[in-house]
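Dear colleague,

I am handing over the structure we spoke about, and my notes on what was found in it follow below. Please look at the sequence and the model first, and then read on.

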Amino acid sequence: MRPFELTAPTTVEDALATPGTFLAGGTTLVDLMKLNVLTPHQVLDINELPLRGIETGDGLRIGALERMSDIAAHPDVYPMISRALLLSASQQLRNMASIGGNLLQRTRCTYFRDVATPCNKREPGSGCPAIGGANRMHAVLGTSDSCVATHASDVAVAFLALDAQVRLASADGTRTVALADFYRLPGDTPDVENDLRPGELITEVVVPKLDWASRSTYVKVRDRQSYEFALCSAAIALDIQDGRIADARVAVGGVGTVPWRLPAVEEALRGAPLTQKSFEEAASLAADGAKSLPDNGFKLSLLKRTIIRALLELTEGDR
């Protein structure tokens, strides 16, 4: 780790007026600093900023410094959000990690985290060795010739399914961005991962009210039961009326370079009966447009099976 200067602003205005890298829980930043992947000269500890609180009403409002464990335990948080958080990391990390930091966490691609190897995310134009190398954990959706790294956040998948927004603040003012527009596909610029501008800070996550999201879940498939990133995951909410699916929200993780919404699957589920056959037909659309690599072709079928598993879990008492 290289030397850096640490300051601790106590107001949002002071934090935004000081150039540097923001530190909240530190569960991603400190790791990457130890590896010399990130080498900030100025680090701003923002934990004293008034960016906490969980409020309900017309929707769910979560302060960016709220810890993952506290959000997961809140009684008014939709099940898919709570479950996504509880299946993330370890209890110790969930007690430290902020929700804003979780949404901004960097990929766990081993090439990105190893400064001895090329990586277009870390050094634009240096290449992507994952394409021809070890790529079992990598993406099959949203990839490009420049990058195939998966997005790491679990809860971002649930937030995407629920049409969440992030509130951003800078010295120039505030703005609100839909999470669906916040993350960027790698294309030719995989080093630009999101719409966060220099000096901007996430202050809040806003989830619109959706009463039927009380019937929702998050299913995560991984190599081991705990403290492991997803091979594939699915965040699904269903509105069931008269024995059929009136509406659905479906997003997946572990398979895309960004959290991935599946509108074709949602449309196929609308009006469908609660049968495994209808679930299989809808899930068959999930991998449309996917492009596998030599080691991760199994994700194409795993993606479909994960969605079916989540649908069966949500409708177990209704079939």
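**Overall fold**

Of the contacts in the protein chain with a separation of 6 or more, 64% are between residues 24 or more positions apart. Please keep in mind throughout that this is a predicted model, and that the values below were computed from it. The secondary structure of the protein chain comes to 11 helices and 12 strands, and the C-alpha trace spans about 60 × 50 × 35 Å along its principal axes. For 319 residues, a compact globule would be expected to have a radius of gyration near 20 Å, and the protein chain, with 20 Å, agrees with that. Buried residues make up 53% of the 319 residues, while the area that the protein chain exposes is about 14,100 Å², of which carbon and sulfur atoms supply 49%.

**The parallel sheet**

Towards the start of the numbering you will find an open sheet of 3 strands, in the order β1-β3-β2, with parallel pairing. Its edge strands are β1 (5-7) and β2 (21-23), each of which pairs on one side only, and neighbouring strands are turned by 30° against each other on average, direction ignored. Strand β1 is joined to β3 (residues 42-45) by 3 bridges, the two running parallel, and here Glu-5 has Gln-42 in β3 as its bridge partner.

**The antiparallel sheet**

Another open sheet has 4 strands in the order β9-β10-β11-β12, and in this case the pairing is antiparallel. The edge strands, each pairing on one side only, are β9 (216-221) and β12 (260-261). Between β10 and β11 there are 9 bridges in the antiparallel sense, with Ile-236 matched to Val-250 in β11; these two strands form a hairpin with 2 residues between them, and Asp-242 in the turn has a positive phi of about 55°.

Strand β11 (residues 244-253) also pairs with β12, over 2 bridges in the antiparallel sense. Val-252 stands opposite Trp-260 in β12, and the bridge partner of Ala-251 in β12 is Arg-261. The hairpin of β11 and β12 has 6 residues between the strands, and Gly-254 takes a positive phi near 80° in it. As for how far β11 is covered, 7 of its 10 residues are buried.

Two helices deserve a look alongside this sheet. Helix α4 (residues 79-86) lies across β9 and β10 (232-241), running at about 25° to β9. Helix α11 (residues 298-314) packs on the sheet and touches β9, β10 and β11, and its direction makes about 40° with that of β10.

**The cysteines**

Since you may be planning around thiols, how many disulfides does the count come to? The count is 0 disulfides. Cys-128 is in no disulfide, and the nearest cysteine sulfur, that of Cys-147, is 5.4 Å away. Why is there no bond between them? A disulfide requires the two sulfur atoms to be within 2.5 Å, and the sulfur of Cys-147 is 5.4 Å from that of Cys-128, its closest cysteine sulfur, and therefore too far for a bond. As to their surroundings, Cys-128 is partly exposed, with a relative accessible area of 21%, whereas Cys-147 is buried, with a relative accessible area of 5%.

With best regards

Definitions and conventions:
Residues are numbered from 1 along each chain as its sequence is written. This is a predicted model: local features need pLDDT of at least 70, side-chain atom pairs count only at pLDDT 80 or more; totals for chains, interfaces and linings use all residues. Side-chain values use heavy atoms; hydrogens and water are left out. Two strands pair if DSSP finds at least two bridges between them. Axes are lines fitted to C-alpha atoms, for helices over the stretch in contact, and angles run from 0 to 180 degrees between N-to-C directions. The radius of gyration is taken over C-alpha atoms; the globule rule is 2.2 Å times the number of residues to the power 0.38. Buried means under 20% relative accessible area, exposed over 50%, partly exposed in between (1.4 Å probe, protein chains only). Contact means heavy atoms within 4.5 Å. Accessible areas come from the Shrake-Rupley method with a 1.4 Å probe; for residues, only the protein chains shown count as cover.
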